[in-house]
Amino acid sequence: SLQNPRVKQVVRLRDRRDRDREGKFLIEGYRELNRAVAVSQPLSEVYCCRELYLGSNEPGLLDDAAGNCGATIQPVTEDVFRKISYRDRPDGLIAVAPRPEWGLQRLEGQESGISALYLVAQSIEKPGNLGTILRTADAAGVDGVVVVDQCTDLYNPNVVRASVGTLFTVPVAEATSDEALEWFKQRGIRLFATAPDAKKNYNEADLSGPMAVVIGSEQYGLDGRWLESTDEQISIPMVGQADSLNVATSTAIVLFEALRQRRSG
């Protein structure tokens, strides 16, 4: 039934207040759920609709979700699934998962010596940007992402969607700026702040050692604490009329320059 209490509960989890109150979040889509299951992310329920499947691998994924992640599998009608889905073109899979608490301790043991590479994202405002940043960090092989002074809920459905499930494949931690600054200081990890008015271009900086790229909010950039505490400030040169790039685009440019330097070194 469209009025079933469980159906209404899933719909409510689109709202941050309900996610906070219930300690749960949504994972929708085959790729997203597949990546969550691959790392044995605990799952409460998986709602499925065979009529909306896009391939033939969904039954196997559901078996793994039940066997490895503790999920209860609940088939539903197409009408019910379209009500609980937050996508224009749903593919018949949506999971409810307990929301994890990911602090800086999650990054312990992730350091990879002289090649350690981290990303710090401060006060990112748009869920789509934060998800894309996580996807980029995964592609660049970072050792961890630290989300500080968050404006966007890390478990927003659009973060999960834009990350294409890499929220579960990249070690992610949430912290305050003060906590993160102390964590990096104790480990001797250099900090490179992205700032539009920085004198040094990103490809002129030595990004080959243990380091973290620090990016700020779409509207205001990094705050004074980070700009004062970082080892270097770097910028991306502009030749057009725009004075800045989308934050996710800027992140990709700098992270892949760091990756290039590591490979060439």
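**Note on the predicted model: a buried loop, a parallel sheet and a pocket**

1. Leaving aside its neighbours within four places in sequence, L154 is in contact with W102, L130, L134, V147, V159, L167, V172 and E174. This is a predicted model, and the points below should be read with that in mind. L154 sits in the loop that runs between β6 and α7, and at a relative accessible area of 1% L154 counts as buried, because the cut-off for that word is under 20%. L154 can also be placed relative to A173, for the two are 19 residues apart in sequence, while their C-alpha atoms are 9.8 Å apart in space.

2. The loop between β6 (144-148) and α7 (157-162) also holds D153, a residue that is buried as well, with a relative accessible area of 4%. Which side chain does D153 meet in a polar contact? The partner is the side chain of R19, at 2.8 Å. When residues up to four places away in sequence are not counted, D153 touches R16, R19, R99 and V159, and V159 likewise appears among the contacts of L154.

3. A further buried acidic residue, E32, belongs to helix α3, which covers residues 30-38; the relative accessible area of E32 is 3%. The side chain of E32 makes a polar contact of 2.8 Å with the side chain of R87. Beyond four places in sequence, the residues that E32 touches are I27, R87, V160, R161, V164, G165 and F168.

4. Turning to the strands, how many of them form the open sheet, and in what order? There are seven, arranged as β7-β6-β5-β10-β8-β11-β9, and the pairing is parallel. β7 (172-175) and β9 stand at the edges with a single partner strand each, so one side of each is left without a neighbour in the sheet. Strand β7 can be linked back to the first point, since V172 and E174 are among the residues in contact with L154.

5. Within this sheet, strand β5 (residues 117-122) and strand β10 (residues 211-215) run parallel and are joined by five bridges, and one residue pair to look for is Y118 with its bridge partner A212 in β10. As a general point for anyone inspecting such strands, the side chains of a regular strand alternate between the two faces of the sheet.

6. Strand β11 has a partner on either side in the strand order, namely β8 and β9. With strand β8 (residues 190-194), β11 pairs in the parallel sense over three bridges, and with strand β9 (residues 200-201) the parallel pairing extends over two bridges. I234 in β11 is a useful residue to follow here, being the bridge partner of T194 and also standing opposite K200.

7. The largest pocket has a volume of about 510 Å³. Its lining is made up of 25 residues, and those that lie nearest the centre are T194, P196, S244, L245 and S250; T194 is thus the residue already met as the bridge partner of I234. Which element gives the most to the lining of the largest pocket? That element is α10, with three residues, and both β11 (232-235) and α10 (247-264) supply at least two residues of the lining. Sorted by class, the lining has 14 nonpolar, nine polar and two charged residues.

Methods:
Residues numbered from 1 in each chain as written. Predicted model: local features only at pLDDT ≥ 70, side-chain atom pairs only at ≥ 80, totals over all residues. Heavy atoms only, no water. 1 Å grid on protein atoms, 1.4 Å probe; cavity = no way out; pocket = protein on both sides within 12 Å on 5 of 7 lines; lining within 4 Å. Points joined across faces, edges and corners; volume = space filled by probe spheres on them. Helix = DSSP H or I, 4+ residues; strand = E, 2+ residues; numbered from the N terminus. Nonpolar A, V, L, I, M, F, W, Y, C, P; charged D, E, K, R; others polar. Buried < 20%, exposed > 50% of the residue type's maximum accessible area, 1.4 Å probe, protein only. Polar contact = N/O pair within 3.5 Å; in protein donor to acceptor, adjacent residues only side chain to side chain. Contact = heavy atoms within 4.5 Å. Pairing = 2+ DSSP bridges.
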